[in-house]
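Work through the exercises below with the structure open beside you. Try each task before you read its solution.

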Amino acid sequence: MKRIVILGSTGSIGVSTLAVASAFPGELSVIGLGARSSVAALRSQIERHRPRAVAVADEAKSAELRGLVGRTTEVWAGEEGMRRLAAMPDADLVVSAMVGAAGLVPTIEAVRAGKRVALANKEVLVCAGEIVMREARLHGAEVIPVDSEHSALLQCLAAGTLKDVRRLILTASGGPFLRATGEELKRATPEAALKHPRWAMGKKVTIDSATMMNKALEMIEARWLFDVAPEKIDVLVHPESIVHSLVEFRDGSVIAQLSVTDMRIPIQYALFYPERLPGEWGRLELDRLKALHFEAPDPRRFPALLLARRAMEAGGTMPAVMNAANEVAVARFLAGGIPFTRITDVVERVMERHRVAVDPPLEDIGEADRWARDEARRAA
Ligand code: MG
């Protein structure tokens with residue numbers, strides 16, 4: 001029996017992880033759940049999965065939850081509660097699925113406790129990839145990707161060794177605006193941006209997918225996860241989202257991973273890695289698909305990819321600044337405060353103003369994150 005903790009259990013990935021856990025009652029036991037504030041959702045998850053402990057980041061909400069659950073489940077509060085959850089001594093695996101930079105501290109806590117971490121929160125590696133991977137080596141922790149592209153890369157890499165890799169190729173669906181003109185992009189509404197053609201995901205990542213900032217973050221994520229030089233990471237638009245990523249080896253062989261678009265497949269792979277258990281999440285019928293398409297991304301309409309290259313080149317605190325500015329800009333766009341194309345403009349503006357700190361400790365990354373949010377609020 002594998003004991004798992006889920007940080008961010010009420011979000012899209014958290015809910016899918018619990019669906020996988022429900023499918024393997026003999027193999028997986030949920031011992032801890034954490035969420036920011038969704039008390040009602042947490043309560044029904046507690047009834048269904050009977051975890052020993054839950055943590056609620058919002059202190060007031062944790063008190064509310066305490067009044068609703070029985071004494072068999074402990075309720076912990078605030079950042080301290082999340083950290084405690086992340087380091088539960090008998091947890092075999094911690095799923096890190098909190099949204100945004102809030103996931104950083106608990107994830108590092110899990111890594112320092114030497115856990116196997118199934119990482120769905122890409123911001124953790126974007127902001128502090130160097131630190132997280134260094135700490136993981138130091139404490140014998142493992143970071144297994146949940147993101148479908150990185151799960152694909154991990155699976156493709158099993159066909160060779162890292163030193164023989166010529167390129168990691170991340171695929172991108174292109175989002176709802178793949179064929180939109182520059183003018184149409186300017187006028188794009190939140191409603192249109194939230195209609196992703198392939199994946200059902202949370203709001204933030206769906207908007208990131210429309211700007212291709214999601215792929216920009218994933219490039220940085222891949223750089224740290226697999227310890228690969230930035231120039232070896234490429235992006236290819238693949239509207240069908242069937243090939244989840246590819247690895248090109250130096251002998252010219254290209255290995256790809258394919259499956260239907262269902263996050264429960266990469267989640268299950270991360271939970272049981274490197275084992276493969278029977279999955280009931282839908283099978284690929286290639287004969288029905290007929291064709292798969294690939295094209296180069298257009299950096300003029302989707303400048304986020306260039307921003308990622310710049311952030312990787314600058315290193316240090318710059319990727320954290322890119323991420324923080326983007327979070328603020330996306331929130332502003334969703335609230336109707338700025339046009340769609342302004343999202344990446346704001347990010348670029350904030351990055352231009354940032355003075356990079358090289359090899360920053362965690363505190364400096366936090367400081368850069370706060371600075372970038374303030375700047376982005378002013379610029380948006
Ligand atoms: Mg992804």
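The exercises cover a sheet, a helix packed on it and a metal site in this predicted model.

**Exercise 1. The sheet**

Task: Find the order of the four strands in the open sheet, and name its edge strands.

Solution:
- Step 1. Read across the sheet: the order is β9-β8-β10-β11.
- Step 2. Look for strands that pair on one side only. These are β9 (233-237) and β11 (254-258), the edge strands.
- Step 3. Check the twist. Neighbouring strands are turned by 20 degrees against each other on average, direction ignored.
- Step 4. Check the pairing across the sheet: it is mixed.

**Exercise 2. One strand pair and a helix**

Task: Decide whether β8 and β9 pair in the parallel or antiparallel sense, then find the helix that touches both.

Solution:
- Step 1. Strand β8 covers residues 165-172. It pairs with β9 in the parallel sense, over five bridges.
- Step 2. Take one bridge as an example: Ile169 has Asp234 in β9 as its partner.
- Step 3. Now add the helix. Helix α11 (residues 213-225) packs on the sheet and touches β8 and β9.
- Step 4. Compare directions: those of α11 and β8 make an angle of about 150 degrees.

**Exercise 3. The magnesium site**

Task: Which residues coordinate the magnesium ion, and are Asp147 and Glu149 buried or exposed?

Solution:
- Step 1. List the donors: Asp147 (OD), Glu149 (OE) and Glu218 (OE), at 2.1 to 2.3 Å.
- Step 2. Write their spacing along the chain: D-x1-E-x68-E.
- Step 3. Recall the cut-off: buried means under 20% relative accessible area.
- Step 4. Apply it. Asp147 has 9%, so Asp147 is buried. Glu149 has 7%, so Glu149 is buried too.

Definitions and conventions: Residues are numbered from 1 along each chain as its sequence is written. This is a predicted model: local features need pLDDT of at least 70, side-chain atom pairs count only at pLDDT 80 or more; totals for chains, interfaces and linings use all residues. Side-chain values use heavy atoms; hydrogens and water are left out. Two strands pair if DSSP finds at least two bridges between them. Helices (H or I, at least four residues) and strands (E, at least two) are DSSP runs, numbered from the N terminus. Axes are lines fitted to C-alpha atoms, for helices over the stretch in contact, and angles run from 0 to 180 degrees between N-to-C directions. Contact means heavy atoms within 4.5 Å. Donors are N, O and S atoms within 2.8 Å of the metal (3.2 Å for Na, K and Ca); water is not among the atoms, so sites may look incomplete. Buried means under 20% relative accessible area, exposed over 50%, partly exposed in between (1.4 Å probe, protein chains only).
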